[in-house]
Amino acid sequence: MIGLLLIILFALIIGTGLSLGLQYDLGYIRISLGNYLLETNFWVGLALLIVVIALIVLTINLFRRMRHGSGMIAGWVSRGKERRARRRTTRGLLALAEGNWPRARKMLTSAASHADTPLINYLAAAQAAFECGDHEAEDELLRKAFESTPGSDMAVGITQAQLQLAGNRLEQALATLVRLRKQSPHHPFVLKLLTNTYLRLEDWRELSKLLPELRKRSVLPESELGEIERQVWHNLLERAAEDCRRQQKDDPSASLEPLTRLWDELPGFLRKDEQTIGDYARLLADLGDEAQTETLLRKVLQNHWSDDLVNLYGRIEGRKPGEQLLTAEQWLKDRPNNAELLLALGRLSLRNELWGKAREYFETSLRLRRSREALAELSRLSAHMGDGELSIKLMMQGLATDNGLPKLPMPKA
């Protein structure tokens with residue numbers, strides 16, 4: 001109300017001033033433009049000037065409003081595109097989850113340019129292209145994903161490596177993962193994918209170099225990592241033994257240095273691992289160095305008992321078979337009912353040509369546990385000692401055991 005009164009009062013003052021001013025002749029305004037001459041009363045000229053200024057101000061305001069209006073229209077159009085992109089992205093992800101790869105690829109790609117997260121669109125579309133078997137489109141979509149989002153190199157690279165592994169493109173996956181590891185040497189998932197790649201490529205040497213980092217970063221569960229380590233070193237030992245065999249073909253007196261050197265490279269815990277020791281001992285024995293095998297097994301069995309290793313101990317010939325038998329008999333004092341040790345003692349007795357003692361050990365082993373090996377050894381020994389009937393009987397028992405035959409009535413001879 002007060003504002004309105006002030007406006008009315010201001011208008012009255014201006015009106016009064018103008019009415020008083022019109023009573024006086026303040027002259028005229030003369031404007032010359034080329035051949036044109038414009039003359040007008042001062043008050044009329046002032047009014048025209050005010051009108052011109054008002055028109056200019058109105059024109060400027062109108063222009064600003066039009067610009068603002070076009071921006072609003074552009075914003076409205078942009079928001080509409082974003083809404084449609086979100087709907088297409090949702091439909092594309094649903095199609096991807098449902099296994100409709102062509103539709104997923106089409107929807108996700110078309111929405112990527114206006115999506116809030118184009119990286120997600122392109123990565124998902126690349127997966128759909130992979131499922132369609134279109135590797136060229138897959139690579140192109142991954143390139144667009146990288147270009148769409150700064151700093152996405154690791155995410156795009158990991159996705160690319162996963163798709164390459166899934167497509168069995170192992171060499172390409174290895175190249176991708178090696179590049180990613182250079183960028184981030186300790187990235188756990190990159191290390192895990194690299195481990196999988198080396199395993200599938202059977203690149204045991206490179207994988208052995210990666211093992212310390214896997215353990216340090218706890219990339220894999222301890223049980224799984226331990227199994228991989230055994231697999232790696234087992235295969236490396238096998239390859240070293242194969243190198244030794246090739247050398248022995250050319251030179252029968254060639255040393256076993258490739259194999260023994262690799263054994264020295266093994267991590268300490270694996271050199272105490274029963275399975276790894278057994279692998280190494282069998283390779284040594286197969287290569288003809290049974291004396292070194294006997295020394296190794298004797299040292300291990302004195303500190304760590306293993307039925308599998310004592311079985312191997314009974315199969316090999318040391319430098320002094322008599323001392324080998326005495327060593328095993330010392331172990332029997334602490335393990336009088338160990339069937340595997342008794343079997344090994346029977347074999348060592350045979351090596352020392354102690355036929356009666358060997359037979360006694362085999363029979364005692366069979367009483368404790370009926371094993372195929374003990375049956376076969378006793379059958380063979382009985383045949384050579386002239387007891388053919390017992391040999392055949394034991395052989396038949398062994399055959400029945402091997403083939404899992406049930407106990408059934410048989411006609412009497």
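The exchange below asks how several descriptions of this predicted model are justified.

User: Before the details, what makes up the chain, and how much of it counts as buried?

Analyst: The chain has 19 helices and two strands, and 37% of its 413 residues count as buried. Its accessible surface comes to about 25600 Å², with 57% of that belonging to carbon and sulfur atoms.

User: Why is the pair of Trp305 and Trp331 called edge-to-face?

Analyst: The structure holds three aromatic pairs, and one of them joins Trp305 and Trp331, whose ring centres are 5.8 Å apart and whose planes stand at 80°. Rings count as a pair if their centres lie within 6.5 Å, and planes over 60 degrees apart count as edge-to-face, so the values of 5.8 Å and 80° meet both conditions.

User: What makes this pair a link between separate parts of the chain?

Analyst: Trp305 lies in the loop between α13 (290–303) and α14 (307–315), whereas Trp331 belongs to helix α15 (residues 321–334), so the pair ties together parts that are 26 residues apart in sequence. Both Trp305 and Trp331 are buried.

User: Why is the pair of Tyr313 and Trp331 called tilted?

Analyst: The centres of these two rings are 5.1 Å apart, with 55° between the planes. Stacked requires planes under 30 degrees apart and edge-to-face requires over 60, with the rest counted as tilted, so the angle of 55° places Tyr313 and Trp331 in the tilted class. Since Tyr313 lies in helix α14 and Trp331 in helix α15, this pair ties together parts 18 residues apart in sequence. Tyr313 is buried, as is Trp331, and Trp305, Tyr313 and Trp331 form one aromatic cluster.

User: Which charged residue sits over the ring of Trp305, and at what distance from its centre?

Analyst: The charged end of Arg335 sits over the ring of Trp305, 4.1 Å from the ring centre.

User: How do you know that the length of helix α3 agrees with what its number of residues predicts?

Analyst: Helix α3 (residues 101–112) has 12 residues, which at 1.5 Å a residue should span 16 Å, and its end C-alpha atoms are 16 Å apart, so the two values agree.

User: What makes it possible to say that the buried residues of α3 line one face?

Analyst: The buried residues in α3 are Ala104, Met107, Leu108, Ala111 and Ala112. Viewed down the axis of α3, its buried residues fall within an arc of 130°, so they line one face of the helix. The face turned away from that buried side carries Pro102 and Lys106, which are exposed. As background, residues three or four places apart in an α-helix point the same way, because there are 3.6 residues a turn.

User: How do you know that α13 has the expected span, and which helices do its buried residues pack against?

Analyst: The 14 residues of α13 should span 20 Å at 1.5 Å a residue, and the end C-alpha atoms are 20 Å apart, so α13 agrees with the expected span. Its buried residues, including Leu296, Leu297 and Val300, pack against α12 (274–286), α14 and α15.

User: Why is Ala125 called buried while Arg319 is called exposed?

Analyst: Buried means under 20% relative accessible area and exposed means over 50%. Ala125, in helix α4 (residues 118–131), has 0% relative accessibility and therefore counts as buried, whereas Arg319, in the loop between α14 and α15, has a relative accessible area of 64% and is therefore exposed. Not counting residues up to four places away in sequence, Ala125 touches Arg105, Leu108, Thr109 and Leu141, and with neighbours set aside in this way Arg319 is in contact with Ala291 and Thr295.

User: What makes Glu202 partly exposed, and what is the class of Asn168?

Analyst: The relative accessible area of Glu202 is 46%, and partly exposed covers the values between the 20% and 50% limits, so Glu202 is partly exposed. Asn168, with a relative accessible area of 52%, lies over the 50% limit and is therefore exposed. Glu202 is in the loop between α8 (188–201) and α9 (204–217), and Asn168 is in the loop between α6 (153–166) and α7. Asn168 has a positive phi of about 65° although it is not a glycine, and phi of Glu202, which is also a residue other than glycine, is positive and near 55°.

Key: Residues are numbered from 1 along each chain as its sequence is written. This is a predicted model: local features need pLDDT of at least 70, side-chain atom pairs count only at pLDDT 80 or more; totals for chains, interfaces and linings use all residues. Side-chain values use heavy atoms; hydrogens and water are left out. Rings of Phe, Tyr and Trp (its six-membered ring) pair if their centres lie within 6.5 Å; planes under 30 degrees apart count as stacked, over 60 as edge-to-face and the rest as tilted. Helices (H or I, at least four residues) and strands (E, at least two) are DSSP runs, numbered from the N terminus. Buried means under 20% relative accessible area, exposed over 50%, partly exposed in between (1.4 Å probe, protein chains only). A charge sits over a ring if NZ of Lys or CZ of Arg is within 6 Å of the ring centre and within 35 degrees of the ring normal. The expected span of a helix is 1.5 Å times one less than its number of residues. The arc is that of the directions from the helix axis to the C-beta atoms. Accessible areas come from the Shrake-Rupley method with a 1.4 Å probe; for residues, only the protein chains shown count as cover. Contact means heavy atoms within 4.5 Å.
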